[in-house]
Amino acid sequence: MSQFNPGTNSYPQPQPAPRPVYPNTTFPPQQHSQPQYHAPQPAATEGMYATSRPTFTGSPQAPVQPAAPAGPAMNVAPTATFDEKKGEALRIARDFFRGVPDWVTYFREILGVEGIVHRLFPQPEEFTKFEQSEEYGEIQLMIVKLRERTNTQNESKEPTRVITVRLPKSLHESLRVEAHSRRTSMNKLCISKLLQVIDDSMIPND
């Protein structure tokens, strides 16, 4: 039973319990055990991994692409005669033929717009005269041989173009019969005819 003090008209105030004192500590130690941790490791820096990284010098290398076959080179003086140019054209054509290219590449490098023959004979009169020579005929035969060796898989990756030619029915039928008799396709037959030389007199005027 609590005691009442009539002089102060109040109940006695409870006193706080004395706080236990622990030596060399401000707060009581933890009652549960703490797991032991290793000492903290320093943060990773750029220099820590310098030896494990490969070292590159210079600019990044682009993927290596297969080299394109080198075209034939001319070895003729600018003042060469027509006969000397004919001999040079045939020499280059034979050397390039020995490399066994596909026929499209051969035509482009020898008879194409920027081929050897056009570079040797830039004037239309000279080019027409060369087309009537035996050297030109031999180049045509080499193209035929390459066309026989080249199959569809081994043809040049040069883009193809399509032309539409209006033909009379009778001429179309004649080409079809000729292709059948030669045991070839109309496409190959037409290409063969396009590769041949025609005289200006065979082309009608507009």
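Two residues are taken to be in contact when their heavy atoms lie within 4.5 Å, and a residue is called buried when its relative accessible area is under 20%. The structure examined here is a predicted model, and the description that follows begins with helix H1.

Helix H1 is made up of 17 residues, from 82 to 98, and the distance from its first C-alpha to its last is 25 Å, which is close to the 24 Å expected at 1.5 Å a residue. The buried residues of this helix are Phe82, Lys85, Lys86, Glu88, Ala89, Leu90, Ile92, Ala93, Phe96 and Phe97, a list in which the charged residues Lys85, Lys86 and Glu88 stand beside Phe82, Leu90 and Ile92. The cover over these buried residues includes parts of the chain that follow H1 in the sequence, namely helix H2 (103-110), helix H3 (116-120), helix H4 (124-131) and helix H5 (134-149).

Charged side chains are considered next. Side chains of opposite charge can pair when their charged atoms come close. With a cut-off of 4 Å between a side-chain nitrogen of Lys or Arg and a carboxyl oxygen of Asp or Glu, the count in this model comes to 12 salt bridges. One of them joins the side chains of Asp95 and Arg91, with a distance of 3.1 Å from N to O; both residues belong to helix H1, where they are 4 residues apart, or about one turn of the helix. Asp95 counts as partly exposed because its relative accessibility is 37%, and Arg91, at 36%, is likewise placed in the partly exposed class.

A further salt bridge is formed between the side chains of Glu109 and Arg108, for which the N to O distance is 3.8 Å. Glu109 has a relative accessibility of 22% and therefore counts as partly exposed, while the value of 33% for Arg108 also makes that residue partly exposed. In another pair, Glu178 forms a salt bridge with Arg182, and the closest N and O atoms of these two residues are 3.1 Å apart. Arg182 counts as exposed, because its relative accessibility is 56%. Salt bridges that share partners also join Glu88, Arg91, Asp95 and Arg98 into one network, so that the pair of Asp95 and Arg91 described above is part of a wider set of linked side chains.

A polar contact is found at helix H2, in which Thr105 has its place. The side chain of Thr105 makes this contact with the side chain of Asp102, at a distance of 2.9 Å. Thr105 counts as buried because its relative accessibility is 10%.

The backbone is considered last. Most residues other than glycine have a negative phi. Against this background, Val100, although it is not a glycine, has a positive phi of about 50°. Val100 comes just after H1, in the loop between H1 and H2, and it counts as partly exposed because its relative accessible area is 48%. A positive value is also found for Arg183, a residue other than glycine whose phi is near 55°. Arg183 lies in the loop between helix H6 (169-181) and helix H7 (186-195), and with a relative accessibility of 82% this residue counts as exposed.

Conventions: Residues numbered from 1 in each chain as written. Predicted model: local features only at pLDDT ≥ 70, side-chain atom pairs only at ≥ 80, totals over all residues. Heavy atoms only, no water. Helix = DSSP H or I, 4+ residues; strand = E, 2+ residues; numbered from the N terminus. Expected span 1.5 Å × (residues − 1). Buried < 20%, exposed > 50% of the residue type's maximum accessible area, 1.4 Å probe, protein only. Polar contact = N/O pair within 3.5 Å; in protein donor to acceptor, adjacent residues only side chain to side chain.
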